[in-house]
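Biologist: Could you take me through the sheet in this model and what packs around it? I would like a close look at that one part, in plain words.

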Amino acid sequence: MAASPDFLKLIIETILQFKPNLVVELGSGVSSIIISKSLEKNMVGKLISIENDDKYSKITRNNITMENLTEIASVVTSELSMQIIDKKNYMWYNTSFIKNINNKIDLLIIDGPPKITNKNARFPAIPLLKKYFSDNIIIIVDDGNRQDDANTVNSWMNELDNFKIKYIPTEKGAFLLSKIK
């Protein structure tokens, strides 16, 4: 399901204001192009987009190539596999994509994996990626109107030190998590 226009606007505004060096996006598509174009406008930054569906990975890669954004963006296909966190099982991206992360993550955009994967499908993002966060990481989460995702965001507060949560009333709801300054 494509990101809503107001969620894409939130991403654009965040990128243009904070000028991240590395954006990691969980779930690819039109948002990957929008992110890449925003980074291009800033003249700084790279995107690594993680997608579990090879069909969508190929479509996004083709669109990135057509838009001449291959120097800025890459799409990694990462099939879902079992991840065990605090003795709980989650189907989440195979973590082999982490080898592509050469810098600290400045902006993490979470719009995957799909909710049909399992309860709290997006929970592993923070426990598995937090050691790669920059000191000024910003996390944007789509689908904040879904109770499952809202619960996940609240549970992340146990994983993150000195963070605040801001709800953004986009079409599907969004959360913006950032360090307390």
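Modeller: Happily; here is the sheet, then the helices, cores and rings around it. Please keep in mind that this is a predicted model, in which local features need pLDDT of at least 70 and side-chain atom pairs count only at pLDDT 80 or more, while totals for chains, interfaces and linings use all residues. Residues are numbered from 1 along each chain as its sequence is written, and side-chain values use heavy atoms, with hydrogens and water left out.

Let's start with the sheet itself. Seven strands form an open sheet with mixed pairing, in the order 3-2-1-6-7-9-8. Strands here are DSSP runs of E with at least two residues, helices are runs of H or I with at least four, and both are numbered from the N terminus; two strands pair if DSSP finds at least two bridges between them. The edges are held by strand 3 (73-77) and strand 8 (163-168), each of which has a single partner strand, so one side of each is left without a neighbour in the sheet. From one strand to the next, the twist averages 15°. Angles run from 0 to 180 degrees between N-to-C directions, and the axes are lines fitted to C-alpha atoms, for helices over the stretch in contact.

Strand 1 (residues 22-26) and strand 2 (residues 46-51) run parallel and are joined by five bridges. One residue to find there is E25, whose bridge partner in strand 2 is S49. Helix 1 (residues 5-18) packs on the sheet and touches strand 6, strand 7 (133-142), strand 8 and strand 9 (174-179), with its direction at about 165° to that of strand 7. Helix 5 (residues 147-156) also packs on the sheet, touching strand 6, strand 7, strand 8 and strand 9, and its direction makes about 10° with that of strand 9. Contact means heavy atoms within 4.5 Å.

E25 comes up again with S31, a residue of helix 2 (residues 30-42). Not counting residues up to four places away in sequence, S31 touches L8 and E25. S31 has a relative accessible area of 9%, so it is buried (buried is under 20%, exposed over 50%, partly exposed in between, with a 1.4 Å probe and protein chains only).

Now for the nonpolar cores, which are sets of buried Ala, Val, Leu, Ile, Met, Phe, Trp, Tyr and Cys residues joined through side-chain atoms within 4.5 Å. The largest has 31 residues, of which L26, L108, I139 and W156 touch the most other members. Strand 7 gives the most to this core, with four residues. Leaving aside neighbours within four places in sequence, the contacts of I139 include L108, I126, F163 and L177. Another core, of 23 residues, lies apart from it, with F7, I15, V23 and L107 among them.

Last come the rings: the structure holds five aromatic pairs. Rings of Phe, Tyr and Trp (its six-membered ring) pair if their centres lie within 6.5 Å; planes under 30 degrees apart count as stacked, over 60 as edge-to-face and the rest as tilted. W92 and F97 have ring centres 6.0 Å apart and planes at 55°, so the pair is tilted. W92 is buried at 0% relative accessibility, and F97 is buried at 1%. Ring pairs link W92, Y93 and F97 into a cluster.
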